[in-house]
Amino acid sequence: MAGWHHGRRVKKSTAVQEALEIIREMITSSDVEENLRLPSEEELALRLGISRLTVREALTILEREGVIARIQGRGTIVNRFARRLTSRIDSAREIGKFIAENGYTVGVDNVQHWWQAATALEAKKLAISEGEEILLVQKRFLADGNPAAFCIDRVPKKLFCDFNFSTADLEQAIFPFIEAHCRCQLTHDVIEIIPAVADTKLARCLQVNEGTPLLRLDAVEYDMEGRAVMYNTEYYLDHFVRFTLCRIVSYMT
């Protein structure tokens, strides 16, 4: 782990989330690959500038995900298969990061946005009244210049504190945009995995034949108060993005 102490330190407001991100970076580094053991909780807390309790919370999450194992007398061990867990479906990330993790150069185009009345489904997902105004953002993601994913983001207008933005702003990552313009902190989401095929619009957008199988994820993003902030629908071509998930084996004896 030599040299790692020059890495980032955690901001107190998002301590557990940022600690998770940094520790995950450590796990995918060559240092950890050669020595499959993490520093002690005390050492991690010192390096990240946070409390041992925050470190323990982050490690508990990673242990639950199957990425690490905490063994009495041996410390915190990185499971050897953890480095192969790219594009984890149990980790909320921007679509661009998923594409990059699969080894492609990320691009964004065809960005559009407008205000519209929420449908019954959109209102239910966002815990608002049907007909309330929402911001709808559509964009296409590219992998090495090829269409790879299409996303629809929806945010209630009443959550916005800052309406000073343009289409160019929406070409950037949506999470920090929402946090800045709605003055909130996104902490978790709930996703549904839905089988889908390309209709006429999606086939044209993703440059595939109608009826081509797609991976569809519907996600509702929540802030630290448990308030629904954004409802996303994402369509992926599986030869550009494939998700992984580590599950703990549990069975009745």
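Trainee: Hi! Is C161 buried, partly exposed or exposed here?
Mentor: C161 counts as partly exposed, because its relative accessibility is 44%, and partly exposed lies between 20% and 50%. Keep in mind that this is a predicted model.

Trainee: And what about C205, buried or exposed?
Mentor: C205 is buried: its relative accessible area is 13%, and the cut-off for buried is under 20%.

Trainee: How many disulfides are there?
Mentor: The count comes to zero disulfides.

Trainee: Which cysteine sulfur is nearest to that of C161, then?
Mentor: That would be the sulfur of C182, 6.7 Å away. A disulfide needs the two sulfur atoms within 2.5 Å, and C161 is in no disulfide.

Trainee: Okay, switching to the sheet. What is the strand order?
Mentor: The order is 3-4-5-8-7-6, in an open sheet of six strands with antiparallel pairing.

Trainee: Which strands stand at the edges?
Mentor: Strand 3 (106-117) and strand 6 (186-197) do. Each has a single partner strand, so one side of each is left without a neighbour in the sheet.

Trainee: How are neighbouring strands turned against each other?
Mentor: By 15° on average, direction ignored.

Trainee: Back to strand 3. How many bridges does it make with strand 4?
Mentor: Strand 3 pairs with strand 4 (residues 133-143) over 10 bridges, in the antiparallel sense. As one spot to look at, A117 stands opposite E133 in strand 4.

Trainee: Nice. Which helix packs on the sheet?
Mentor: Helix 8 (residues 174-182) does, touching strand 5 (146-156), strand 6, strand 7 (213-223) and strand 8 (228-236). The direction of helix 8 makes about 160° with that of strand 8.

Notes
Residues are numbered from 1 along each chain as its sequence is written. This is a predicted model: local features need pLDDT of at least 70, side-chain atom pairs count only at pLDDT 80 or more; totals for chains, interfaces and linings use all residues. Side-chain values use heavy atoms; hydrogens and water are left out. Two strands pair if DSSP finds at least two bridges between them. Helices (H or I, at least four residues) and strands (E, at least two) are DSSP runs, numbered from the N terminus. Axes are lines fitted to C-alpha atoms, for helices over the stretch in contact, and angles run from 0 to 180 degrees between N-to-C directions. Contact means heavy atoms within 4.5 Å. Buried means under 20% relative accessible area, exposed over 50%, partly exposed in between (1.4 Å probe, protein chains only).
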